[in-house]
Amino acid sequence: MRLNRFFLPTLREAPTEAEVPSHILLLRAGYIRQLAAGIYSYLPLAQRSLLKIQEIIRQEMNAIGGQEFYLPALHPAELWKDTGRWEVMGDNMFRLKDRWGRDMCLGMTHEEVFAKIAHYEMRSYKELPQYWYQIQAKFRDEPRPRSGLLRVRQFTMKDSYSFDLDRAGLDLSYNDHYNAYCRIFTRCGLEFLVVAAHSGAMGGNQSHEFMVKAEAGEDWVATCAACGYAANTERATSRLAAIEDEDAPQPQPVKVSTPGQKTIDEISRFLKVPGSGQIKTLIYMVESEPVLILMRGDHQLNEAKLESALATTVFRPALPEEIRQAMGADAGSLGPVGVKGFRIIADRALQGRKNMTTGANEDDCHIQGVTPGVHFQAEYFDLRTVQHGEGCPECDGILAVAKAIEVGHIFKLGTKYSEALNARVLDQAGNLHPILMGSYGIGVERILSSAAELYHDEHGMILPVSIAPFEVIVVPVSVRDDDLLRAAEDMYARFQELGVDVLLDDRDERAGVKFNDADLIGVPYRVTLGQKKLKAGLVELTVRRTGERTDIPLADAVARVAGLIAEQRRCLDDRAAALERLEGRA
RNA sequence: CGGGACAUAGCGCAGCCUGGUUAGCGCGCCUGCCUUGGGAGCAGGAGGUCGCAGGUUCAAAUCCUGCUGUCCCGACCA
């Protein structure tokens, strides 16, 4: 491509609406422009990069036997009503009506549509397993789009679905996808980690997320450097230091006056009791019934874990009026002792504790000497969010908690959708079985954004060669010098002959402008042609990642750079292949 | 949905508090000269419904009300 005719609207300054590095860079480098909140146009640079990412995904999906489909983005409501997700998805779903007033929606994901096809067409276990995938736009009316392409309302997802007769088959399908995903992200040049994850609204019972550590991420992952334990904090557990409580001085709790003291910290100071010696009482409305949730004072409730414990998604923190009506006191003076008629669930960290402090259900009063199991009964679950620096649950190591971007997520769905949509096959014995499904997603734009987050400097992006929109840029420092221009044109033509994605900066601009643009858009290699060196038969090669510059003979420049690019690609491919051996499953 | 902020030229901003004739600045853009190894220099020029709609006023970018849009902080997900 000739830059002279290429649409490259680079910005010298960062637009104010952008805060995270990838957003700023993608805007500045002329990759994207915003159309509305969370809706972006992809300009030629972005499109080139995204197509390369999609091609890598295609190759790896095809390699495990995946078959590419292309399903509608526009769905009839009935399909989603059949699985109950018409209601479950709530305001996150874009809804519309057709001219006859029929309810329609834009697809948020495609379990329903694929399962429907399976329902119509799959009859026998002999047809299984199947891996079906597509690369398609998804629509989600996010409450808060943000961070450029990281959280948007329309995005491109590679979604695949596996169909198996039984559990063992699903396990194999899941592993195939697990391995394919490792290869995909590796070939895209990302450093990533795989973590145990919460299944959420998707249903199913096992899932992993593929995470790229980055400040701009919206997820938190807990990892142990010692044993490799890794989990989303929605799932992560940790080893807590044991606490030896003294026996309470009296058999019954004692009420104390705590005027104006509401928070855990205030009580700590006022009563000289650390947060770990207190019971924090939260009231949630669960399917419109108040439920008491008890946490150790210094611990945080994790709503994803609460969802698992309650086995419902219909809950929310109670409003102040609801709290007063249920408990007879305001938040800040609540406790489980003497409460009747409400469900009480408690975090496991309270099990075996004694002589604790909590609210008395009377404003400005607390009680001390409370022992779980003696002064109140509760159902125990793991409900707390792990904290940085706590002990690893699987070894003697220490957990680190870091922010991360979710680039992929794989689920074992089971039969939720196949049962709802009646996708069944006959087994060998002639019995009907609902098909076991798996669901596997990759956020295509998030790969690009993650790369930009991971690899940039003050000059711009430094994209991996496998996903960079161009592999090399040829820069004659002046196009008014015929010799330079001719040499550059010649080099450009020879790169093209070799199938290298080459950009020729034939703009009549000063060298500095060209260098800055090349740096900004993140082209991995730059060949600079200047008068002096050219007379000596030399050109300059600059490696974007390292900034390293070397003079090389004009005569071998093309072969040399093409070789470097191929070597870089091979390096990523080799790493992907090595992963496969490591897992040894696919 | 709760909380906070912003909206003036393509981008970044000033002006608004304390209303007043032609709304400025930097970058970018166009023309010419000059320059050509890290966003140069000189001269000239184009470009604005001051987010929208009402209101107050002799007079509104400026004050008031409503709306819309965008961003940021909390609950959802690729």
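**Exercise 1.** Where in the chain does Pro129 have its place?

Solution. Before starting, note that this is a predicted model, in which local features need pLDDT of at least 70, side-chain atom pairs count only at pLDDT 80 or more, and totals for chains, interfaces and linings use all residues. Residues are numbered from 1 along each chain as its sequence is written, chains are lettered from A and ligands numbered from 1 in the order in which they are written, and side-chain values use heavy atoms, with hydrogens and water left out.

Step one: Pro129 sits in the loop between α5 (111–121) and β7. Helices (H or I, at least four residues) and strands (E, at least two) are DSSP runs, numbered from the N terminus.
Step two: check the peptide bond. Leu128 and Pro129 are joined by a cis peptide bond, with omega about 0°.
Step three: move along to β7 (residues 130–139), the strand where you'll find Ala137. Setting aside neighbours within four places in sequence, Ala137 is in contact (heavy atoms within 4.5 Å) with His110, Gln154, Phe155 and Thr156.

**Exercise 2.** Find the sign of phi at Lys272.

Solution. Step one: locate Lys272, in the loop between α7 (264–271) and β14 (279–286).
Step two: read the angle. Phi of Lys272 is near 55°, so you have a positive value in a residue other than glycine.
Step three: put that in context. Most residues other than glycine have a negative phi, and most peptide bonds are trans.

**Exercise 3.** Describe how domain 1 and domain 3 meet.

Solution. Step one: get the bounds, which come from an automatic or database domain assignment. Chain A splits into domain 1 (44–74 + 107–236 + 400–454), domain 2 (254–381) and domain 3 (470–572).
Step two: taken over C-alpha atoms, the centres of domain 1 and domain 3 are 39 Å apart. Six residues from domain 1 and five residues from domain 3 make the contact.
Step three: look at buried area (the accessible area, 1.4 Å probe, that two parts lose on being put together, summed over both). Domain 1 and domain 3 bury about 540 Å² between them, with 59% of it on carbon and sulfur atoms. On the domain 1 side, Leu45, Arg48 and Lys52 lose the most area to domain 3, together 70% of what that side buries.
Step four: count salt bridges (a side-chain nitrogen of Lys or Arg within 4 Å of a carboxyl oxygen of Asp or Glu). There are two between domain 1 and domain 3. Asp501 pairs with Arg48 in a salt bridge, their closest N and O atoms being 3.3 Å apart.
Step five: see which elements take part. α2 (44–63) and α6 (167–187) each supply at least two residues of the side of domain 1 that touches domain 3, and α2 gives the most, with three residues.

**Exercise 4.** Track down two pairs that link distant parts of the chain.

Solution. Step one: search the whole structure for aromatic pairs (rings of Phe, Tyr and Trp, its six-membered ring, with centres within 6.5 Å; planes under 30 degrees apart are stacked, over 60 edge-to-face, the rest tilted). You get 14. Tyr174 and Tyr440 form a tilted pair, 6.3 Å centre to centre with 55° between the planes. Tyr174 lies in helix α6 and Tyr440 in strand β24 (residues 436–443), 266 residues apart.
Step two: search for salt bridges, which gives 41 across the whole structure. Asp506 forms a salt bridge with Arg2, with the closest N and O atoms 3.6 Å apart. Asp506 is in the loop between β28 (502–504) and α13 (511–521), while Arg2 is in the segment before α1 (21–28), 504 residues apart.
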